Amino acid sequence: MTESLKAGIYYLDRKLRGFAHPDALLTGVETRSSAPCRIPRDENLQSSIRGIYPVGEGAGHAGGIVSSAVDGIKIAEAILTS
Ligand SMILES: Cc1cc2nc3c(=O)[nH]c(=O)nc-3n(C[C@H](O)[C@H](O)[C@H](O)COP(=O)(O)OP(=O)(O)OC[C@H]3O[C@@H](n4cnc5c(N)ncnc54)[C@H](O)[C@@H]3O)c2cc1C
């Protein structure tokens, strides 16, 4: 893993000058990514269980802060108009 990281950092330095600067400090890597599965929703944004609205990242409908927030607004509107 260390060798791969080292190679990756030097590779990125060719695209983003300074990425492998000698003063740069590597403190950690982000090892988590978004949910690998998605709970399906119908046209009313509900799951197959009525009244359950899968929302946000854990449900597989968003991949970050903004998309989770936007998905939350969509679901809130769906609940208010149901
Ligand atoms: C280390 C890290 C770095 C990240 N960096 C970025 C970044 O730079 N930019 C970016 O866009 N995204 C980033 N993300 C992703 C982003 O944080 C998430 O995509 C987003 O917060 C998901 O929002 P959400 O509302 O779907 O879920 P969450 O923010 O996880 O909210 C779920 C909420 O439900 C609560 N909960 C869970 N179970 C229950 C229960 N049984 N009863 C009541 N409450 C419950 C939890 O306590 C939590 O408050 C990062 C994530 C991590 C882990």
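Valine 29 sits in the loop that runs between helix α1, residues 2-15, and helix α2, residues 65-81. This is a predicted model, so please hear every value as computed. Valine 29 counts as partly exposed because its relative accessibility is 44%. Together with Met1, Leu5 and Leu26, Val29 makes a nonpolar surface patch of about 420 Å².

Staying in that loop, let me go to glutamine 46, which also lies between α1 and α2. Is glutamine 46 buried or exposed? Its relative accessibility is 11%, so glutamine 46 counts as buried. The side chain of glutamine 46 reaches the backbone nitrogen of glycine 51, at 2.7 Å.

Now the ligand. Seven residues surround the ligand, and the ones that come nearest are Gly56, Glu57, Gly64, Ile65 and Ser68. Sorted by class, that shell holds three charged residues, three polar ones and one nonpolar one.

Which atoms are involved? In glutamate 57, a side-chain N or O atom is 2.3 Å from an oxygen atom of the ligand. For serine 68, again through an N or O atom in the side chain, the distance to a ligand oxygen is 3.2 Å. Glycine 64 uses the backbone instead: one of its polar backbone atoms is 3.4 Å from an oxygen atom of the ligand. As for cover, the ligand taken alone exposes 1000 Å², and the protein buries 27% of that.

Gly56 is one of the residues nearest the ligand, and the backbone nitrogen of glycine 56 also lies 2.9 Å from a polar atom in the side chain of aspartate 71. Aspartate 71 belongs to helix α2. With a relative accessibility of 3%, aspartate 71 counts as buried.

That brings me to the charged pairs. Side chains of opposite charge can pair when their charged atoms come close. How many salt bridges does a search of the whole structure find? The search finds four.

Aspartate 71 takes part here too, since its side chain meets that of lysine 74 in a salt bridge, at 3.9 Å from N to O. Both residues lie in helix α2, three residues apart, which is about one turn of the helix. Lysine 74 is partly exposed, because its relative accessible area is 39%. Arg41 joins Asp71 and Lys74 in a network of salt bridges.

Next, arginine 17 and aspartate 13. Their side chains meet in a salt bridge at 3.7 Å, N to O. Arginine 17 has a relative accessible area of 76%, so it is exposed. Aspartate 13 has 14%, and is therefore buried.

Then arginine 50, which forms a salt bridge with aspartate 42; the closest N and O atoms are 2.7 Å apart. Arginine 50 counts as exposed because its relative accessibility is 52%. Aspartate 42, at 22%, counts as partly exposed.

One last position, alanine 76, is in helix α2. Its relative accessibility is 37%, so alanine 76 counts as partly exposed. How far is alanine 76 from arginine 50, in sequence and in space? They are 26 residues apart in sequence, and 15 Å apart from C-alpha to C-alpha.

To go back over one residue: aspartate 71 is buried, its side chain has a polar atom 2.9 Å from the backbone nitrogen of glycine 56, and it is linked with Arg41 and Lys74 in the salt-bridge network.

How values were computed. Residues numbered from 1 in each chain as written. Predicted model: local features only at pLDDT ≥ 70, side-chain atom pairs only at ≥ 80, totals over all residues. Heavy atoms only, no water. Patch = residues over 30% accessible without salt bridge, like charges linked within 9 Å, V, L, I, M, F, W, Y side chains within 5 Å. Areas by Shrake-Rupley, 256 points an atom, 1.4 Å probe, with all protein chains shown as cover. Helix = DSSP H or I, 4+ residues; strand = E, 2+ residues; numbered from the N terminus. Buried < 20%, exposed > 50% of the residue type's maximum accessible area, 1.4 Å probe, protein only. Near = heavy atom within 4 Å. Polar contact = N/O pair within 3.5 Å; in protein donor to acceptor, adjacent residues only side chain to side chain. Nonpolar A, V, L, I, M, F, W, Y, C, P; charged D, E, K, R; others polar.
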